Amino acid sequence: MRKVLFTTGGTGGHIYPALSIAEKMREKNVEVLFVGTKHRMEKDLIPKENFRFTGLDVLPLKSVSSAVKMISATFKALKVMKKENPSQVIGFGNYITIPVLLSAKILRIPYYLQEQNCKMGLANKYFYKGAKKVFAAFENTLDDVPHKYRKKFLVTGNPLREEFYKKDKNDERKKLNIKENEKVILVMGGSLGAKNINEAILKSWEKIIKDKNIRLFWATGKENFEEAVFRMKDFGNAVIMPYFENAADIMSAADLVICRAGASTISELIQLEKPSILIPYDFVGQKENADVLEFINGAKTFSNENVEKAVEEALVLVKQDEMLDFMKNNIKELKKENSVNIIVETMKVDSYSK
């Protein structure tokens, strides 16, 4: 049986694409194991999905002690890889992947990289020259890559959960009991919510609930839910939750989404052809991710300082059917085939040529 070692961790943005690919490989009888850290969310998330997991004691490279830990973690990764003898390795960015990717280079095991963001992260930037292939989510990533290395890159989009490739807007609206004349706005600020987006929604609340043709689905974030609800006297027909377990269903049913610009979120918007109002964080490459959609007129981007204007714009835009159709048609230009299938099949074909 073919064995593939995955290295990922830190945030959901790095972990969930890895899990999507790992689940598909498991369906195809490929043995999968993960190496991450014993400090971050992967130590719980990955075993919960019934994958074997090894946690290394590795920290961001910010001090002498963290550098010592990185060296020690690399020796442990070498030991794990000698014992497991994987035929291929795939890394998903972040400092967490460094020990395993260094070990793969030392042991001459072919390794692959997956880059979620438009702007390549430091770990992937360091290792891409020796990679067998790099699966990039966006074409723009290649702008910073010298021509002689571009043949290593395959633009696949980001791996998403299988359900995102099967959604139908009309079906999801029926399931959610959304009336034909209702315009749906989904607001979400990431797994922890986004306080300033919530504040802007609250400032426009009377206007939102007064319009009976607008149906708002608002994920406040776990940390902000009680504060947001406590300040409201009338919920109108809005649905307010800390987070939505069925976010894919609601995004599919929505006419417009107000959100941040994490790499996975941008890929979900593209897959579901969803116009959006984007308020990117000023870090982790979100501005560059947002630019991908704004450049083709598939989204409108606002800064954190202008978040109230962003909400006001959303309340106007959601009623402009022609503009929403224009944005939707532009987004279609960015759609890719099922990224998970492409990556799994590419690595399978490569394994035959060893």
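**Notebook: two helix pairs and one glutamate**

I began with the contact between two helices and noted that Met-70, Ala-73, Thr-74, Ala-77, Leu-78, Met-81 and Lys-82 in α3 meet Ile-98, Pro-99, Val-100, Leu-102, Ser-103, Ala-104, Ile-106 and Leu-107 in α4. Sorting this contact of α3 with α4 by class, I found 12 nonpolar, two polar and one charged residues. I keep in mind that the model is predicted.

I then looked up the geometry of this pair: helix α3 (residues 64-84) and helix α4 (residues 98-107) pack with their axes 8 Å apart and at an angle of about 55°, and I therefore entered α3 and α4 as oblique to each other. For the handedness I wrote down a right-handed crossing where α3 passes α4.

Next I turned to helix α11 (residues 263-271) and helix α12 (residues 286-295), whose axes lie 9 Å apart at an angle of about 15°. Because angles under 35 degrees count as roughly parallel, I recorded α11 and α12 as roughly parallel to each other. Here α11 passes α12 in a left-handed crossing. On the α11 side I listed Ala-263, Ile-266, Leu-269 and Ile-270, which meet Asn-289, Ala-290 and Leu-293 in α12; this contact divides into six nonpolar residues, one polar and no charged.

Last, I checked a single residue, Glu-172, which is found in helix α6 (residues 169-175). Is Glu-172 buried or exposed? Its relative accessible area is 4%, so I entered Glu-172 as buried. Leaving aside residues up to four places away in sequence, I found that Glu-172 touches Lys-167, Asp-249, Ser-252 and Ala-253.

How values were computed:
Residues numbered from 1 in each chain as written. Predicted model: local features only at pLDDT ≥ 70, side-chain atom pairs only at ≥ 80, totals over all residues. Heavy atoms only, no water. Helix = DSSP H or I, 4+ residues; strand = E, 2+ residues; numbered from the N terminus. Buried < 20%, exposed > 50% of the residue type's maximum accessible area, 1.4 Å probe, protein only. Contact = heavy atoms within 4.5 Å. Axes fitted to C-alpha atoms, helices over the stretch in contact; angles between N-to-C directions. Parallel < 35°, antiparallel > 145°, perpendicular 65-115°, else oblique. Left-handed = near helix turned anticlockwise from the far one by under 90°. Nonpolar A, V, L, I, M, F, W, Y, C, P; charged D, E, K, R; others polar.
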